[in-house]
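Grab a coffee and pull up the fold. Here are a few exercises to work through with the structure open beside you.

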Amino acid sequence: MQKSYLGIPLKLAILPYQMLCNGGYSTAELLKKRVKLMELIKSYRNKTHCPKKIEFGDFQTPILLADYVCDFLLSNGVLPKSIIEPTCGEGNFIGSAINKFNTANIFLGVEINDKYYAKVSKRLSGFVGQKVKLINTNFFMLDWQKIINELSDPILILGNPPWVTNSKLGSLDSKNLPPKSNFQNHKGFDAITGKANFDISEWMLIHLIKCLQGKISYLAMLCKTSVARKVLKFCWLNNYQLEQTSLHLINAKEHFGASVDACLLFCTIGAFVRSKTCQVYQNLEQKTNISTLGLYNTELVSNFDSYKKWLKLDDKNGKSYKWRSGIKHDCAKVMELTKVGDKFENGFGETTALEQEYLYPLLKSSDVAKNEVRCNKRWVLVTQKRVGEDTSKIKKVAPKTWDYLCKYSDSLAKRKSSIYKNKPPFSIFGVGDYSFSLWKVAISSLYKRISFSVINPYNNRCSMVDDTCYLIPCKSEDEAILLAQLLNSNVAKEFLNSLIFWDAKRPITTSILQRINLEALAEELKLADQFNYYTKNYNYINQGESQLRLFETPLQDQDYISGAS
């Protein structure tokens, strides 16, 4: 039987230490030489994405990375008396901390997983009862304020909290969740359709920082960069005492086999708020930052200096053109078709004859991003002119289309989003008068580049874009060309880049686009006369119904740790 350590074949598990001892490498140098080794080790670690691993966001920290983080903290003058790892897993971080921090007289580790708890208890058996205390329980069941208050300053909380969202845990019927609360203060539609989804680590880190207020302390946590930013924004908005903060990027693919942007979030907590900015570094070794993110009024910006340079372009009141999203139907196999002769083929490979009344040319996100907007590859069924419109008239106006939709009514009825509940059959969203403008300017929200395209009609029929694109409706080709010229300018790109976080799942959003003051941009580019011609003659800026704000009554706001159920 092959011997193993923490589920890794022994010959692989001891190899890093053989390399360290025999090669004389430093921890930092060894990390650079371990890529091939980790490819082997990763084939044994996290072998399957089983529900239990997902439930606990189980990405165990490699020993070398834990050592690397501890060395980084020591080099930055972190000399704690008390150390906490709130989700210690197999014990790599707390084990490294015991070896590295000789100033600490108490180490506290918490772990919910029984098997990991048994492993870490055995591994640290020589220390337990002296200066190490291990607790086998759920993070959310502990009184962290009481625990922290009883510890001596300075306190260091370090580790690698779960990389999983509350909605994913909900789908697994997990109990490993914080008390229910709308701690991000989202309202109405945002709270229902995705923005209220959050990483469990986000809640945990905010709660720990809150409990550390008034203590001389440090927090050093591996997490997604998106989580780190949300934590900082929340803390800054609530004036938590963060004296200094920094983000240090790590290669999550190399260390964890995870395709996500990740970092070490390092916070110094003291008696006052020194600055609501955060230096971002390429890694744990680099001394010069690559950017500075920060909070300006109530908004987080990705490049503080560039944002201040182009502050005049920030349209905080949203008085410019209204940005809209494209057609949303959530059933591509039924609603999106390709033309085959005089018929149309759907995603099931079935062809049918349909009337033209409800068919429109469709451009996908990739088409818009690549500016391939003149080729007609796809068509989409647009069953309504506005959200909530009665669809029964399709039966009379286009009987073939009605029969087609009825044939696939089960597929359409199975759409999971709550926005389709209690709506007419075959409903769509992201539709309004703006959808039927012959000319548009659009951008893909998924591609990591700023490129606005002029969307032209096809055979005098307006082209639609899908819901991963955002658009401005235009009255003429000349207007669309002018707006695209403004938006594709270097000035606009520099301003947008100061707002966009490119590692986000959807980097470009309507809320970001809406902040572009096109009038101020036109003045900066000496195109004010042309711009004013269109805005004065076409009185439709900011007009039109709200496309997706369907829920008039906002959800009740609660404190982030209200404990409401």
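The exercises below, each with a worked solution, use a predicted model.

**Exercise 1. Work out why Cys263 forms no disulfide with Cys223.**

Solution.
Step 1: Start with the cut-off, which asks for two cysteine sulfur atoms within 2.5 Å.
Step 2: Find the cysteine sulfur closest to that of Cys263; it belongs to Cys223 and sits 4.3 Å away, so the gap is too far for a bond.
Step 3: Try Cys278 too. Its nearest cysteine sulfur is in Cys267, 7.3 Å off, and Cys278 is in no disulfide.
Step 4: Scan the whole structure, and the tally of disulfides comes out at zero.
Step 5: Check the surroundings. Cys263 is buried, at a relative accessible area of 0%, and Cys278 is buried with a value of 0% as well.

**Exercise 2. Test the length of helix 6 (residues 63-75) against what its residue count predicts.**

Solution.
Step 1: Count the residues in helix 6, which gives 13.
Step 2: Allow 1.5 Å a residue, and the helix should span 18 Å. The rise is multiplied by one less than the number of residues.
Step 3: Compare with the model, where the end C-alpha atoms of helix 6 lie 18 Å apart, so the two agree.
Step 4: Look at how covered helix 6 is: 10 of its 13 residues are buried, including Ile63, Asp67, Tyr68 and Phe72.
Step 5: Move past the end of the helix to Gly77, which has a positive phi, near 80°.

**Exercise 3. Decide whether helix 7 (residues 92-100) is largely enclosed or open.**

Solution.
Step 1: Use the cut-off for buried, which is under 20% relative accessible area.
Step 2: List the buried residues of helix 7: Asn92, Phe93, Ile94, Gly95, Ser96, Ala97 and Ile98.
Step 3: That makes seven of nine, so helix 7 is largely enclosed by the rest of the structure.

**Exercise 4. Find which residues of the largest nonpolar core touch the most other members.**

Solution.
Step 1: Take the 45 residues of this core; Trp144, Leu265 and Leu293 come out on top for contacts with other members.
Step 2: Ask what gives the most to the core. Helix 12 (residues 200-211) does, with eight residues.
Step 3: Zoom in on Leu265. Leaving aside residues up to four places away in sequence, Leu265 touches Leu205, Ala220, Cys223 and Leu247, among others.
Step 4: Don't stop there, as another core of 38 residues lies apart from the largest one, with Val301, Trp439, Leu487 and Ile500 among its members.

**Exercise 5. Trace the partners of strand 7 (residues 217-224).**

Solution.
Step 1: Check its cover first: eight of the eight residues of strand 7 are buried.
Step 2: Go to strand 6 (residues 155-159), which runs parallel to strand 7 and is joined to it by five bridges. Here Leu158 stands opposite Ala220.
Step 3: Now take strand 9 (residues 262-269), joined to strand 7 by eight bridges in an antiparallel arrangement. This time Ala220 faces Phe266.

**Exercise 6. Identify the edge strands of the open sheet ordered 16-15-14-18-17-21.**

Solution.
Step 1: Read along the order; this sheet has six strands with mixed pairing.
Step 2: Pick the strands that pair on one side only, namely strand 16 (351-352) and strand 21 (464-465).
Step 3: Confirm the contact at strand 21: two bridges join it to strand 17 (residues 359-363), and the two run parallel. Leu363 stands opposite Val465 there.

Definitions and conventions
Residues are numbered from 1 along each chain as its sequence is written. This is a predicted model: local features need pLDDT of at least 70, side-chain atom pairs count only at pLDDT 80 or more; totals for chains, interfaces and linings use all residues. Side-chain values use heavy atoms; hydrogens and water are left out. Buried means under 20% relative accessible area, exposed over 50%, partly exposed in between (1.4 Å probe, protein chains only). Helices (H or I, at least four residues) and strands (E, at least two) are DSSP runs, numbered from the N terminus. A nonpolar core is a set of buried Ala, Val, Leu, Ile, Met, Phe, Trp, Tyr and Cys residues joined through side-chain atoms within 4.5 Å. Contact means heavy atoms within 4.5 Å. Two strands pair if DSSP finds at least two bridges between them.
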